[in-house]
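Reader: Could you take me through one part of this structure in some detail? I'd like to understand the sheet and what surrounds it.

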Amino acid sequence: MLRTTCCLITGANRGIGLEFVRQIINLNPKPINVIATCRNPDKAEELRKLKSSSTNLHIVQLDVRDFPNYDKFYSQVNSIVGSNGLDLLINNAGIAQFKTLNQVTPTDMLESYEVNTVAPLLLTKTFLPLLKSSGKDEGSTKLIVNMGTTVASIEQNNQGGMYPYRASKVALNMISRSVATDLAKEGILCVSINPGWVKTDMGGKKAPMAVDQSVTKMLKTLSLVDKNSNGKMINFDGKIIPW
Ligand SMILES: NC(=O)c1ccc[n+]([C@@H]2O[C@H](COP(=O)([O-])OP(=O)(O)OC[C@H]3O[C@@H](n4cnc5c(N)ncnc54)[C@H](OP(=O)(O)O)[C@@H]3O)[C@@H](O)[C@H]2O)c1
């Protein structure tokens with residue numbers, strides 16, 4: 001199973017992000033610090049409930065579009081993790097605007113890019129010093145995880161539509177690839193991972209996979225990421241998804 005000493009997960013108040021937190025705080029060995037970020041900690045009841053029984057869980061407020069406050073956010077995280085740094089960054093927060101060609105607006109496109117593309121890139125940039133300084137714990141890998149989706153596969157797109165979501169996640173894949181290439185020499189890996197079609201607010205009730213099942217499978221797959229899968233879009237079950 002995946003090993004992490006200190007990790008950070010965005011969009012952790014519901015859906016896949018919340019389940020990542022639920023499973024990661026109880027990994028064996030237990031991580032020292034799990035930082036769960038969300039826009040409204042006061043309203044994040046399930047996350048706060050988890051925190052009441054988990055000494056390694058910290059909740060930090062973050063709207064990922066709040067770029068001017070990233071420096072302040074870095075300081076908050078740095079004061080929690082200290083010299084342990086961060087060995088796992090999960091860029092999970094995302095929005096899905098399934099707009100058709102007739103419906104799509106500039107605002108839809110720009111919002112999707114800000115949340116799904118620009119934020120993961122700039123959070124990676126912001127936390128690079130902490131990712132570099134981590135890794136004293138033998139056996140732990142340094143990993144950046146961007147949440148991908150099969151609908152961002154250009155090759156598999158036979159249905160069209162979903163312009164903001166598809167395009168912003170395709171761009172995220174390119175970021176994963178460049179980050180993986182740029183940081184390989186630092187021993188930091190980066191992948192896009194598709195969680196499957198999952199029962200969350202975004203995935204909807206018809207989705208075939210429960211959120212706990214998806215996250216368990218992703219954690220197993222992420223534990224196996226190596227230089228061969230670095231920079232790729234991988235499925236929750238470990239298969240490589242064509243670009
Ligand atoms: N569910 C699926 O079937 C599926 C399939 C493929 C990929 N994914 C990807 O998996 C990730 C999680 O999806 P999900 O199904 O868990 O979605 P979800 O249930 O809709 O949850 C989305 C999360 O992102 C957060 N978020 C949205 N905008 C934000 C912002 N500006 N700042 C901070 N947080 C923000 C939300 O916070 P608020 O509560 O504050 O809105 C929420 O915590 C996404 O990146 C998605 O694209 C999901």
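Author: Happy to; here is a walk through the sheet, a helix lying across it, and then a cavity. Please keep in mind that this is a predicted model.

Let's begin with the sheet. It is an open one of 7 strands, paired in parallel and arranged in the order 3-2-1-4-5-6-7. At its edges stand strand 3 (57-61) and strand 7 (233-235); each has a single partner strand, so one side of each is left without a neighbour in the sheet. On average, neighbouring strands here are turned by 20 degrees against each other, direction ignored.

Now zoom in on one pairing within that order. Strand 1 (residues 6-9) and strand 4 (residues 88-91) run parallel and are joined by 3 bridges. If you want a residue to look for, try Cys-7: its bridge partner in strand 4 is Leu-88.

Next, turn to the helix. Helix 5 (residues 163-183) lies across strand 5 (142-147), strand 6 (188-194) and strand 7, and runs at about 160 degrees to strand 6.

Finally, the cavity. Searching the whole structure for cavities of 30 Å³ or more turns up 1, and the largest cavity holds about 30 Å³ of space. Its lining is made up of Thr-10, Val-64, Asn-91, Asn-92, Ala-93, Val-115, Ala-119, Pro-120 and Leu-123. Helix 4 (residues 106-133) gives the largest share of that lining, with 4 residues. By character, the lining residues divide into 6 nonpolar and 3 polar, with no charged ones.

Methods
Residues numbered from 1 in each chain as written. Predicted model: local features only at pLDDT ≥ 70, side-chain atom pairs only at ≥ 80, totals over all residues. Heavy atoms only, no water. Pairing = 2+ DSSP bridges. Helix = DSSP H or I, 4+ residues; strand = E, 2+ residues; numbered from the N terminus. Axes fitted to C-alpha atoms, helices over the stretch in contact; angles between N-to-C directions. Contact = heavy atoms within 4.5 Å. 1 Å grid on protein atoms, 1.4 Å probe; cavity = no way out; pocket = protein on both sides within 12 Å on 5 of 7 lines; lining within 4 Å. Points joined across faces, edges and corners; volume = space filled by probe spheres on them. Nonpolar A, V, L, I, M, F, W, Y, C, P; charged D, E, K, R; others polar.
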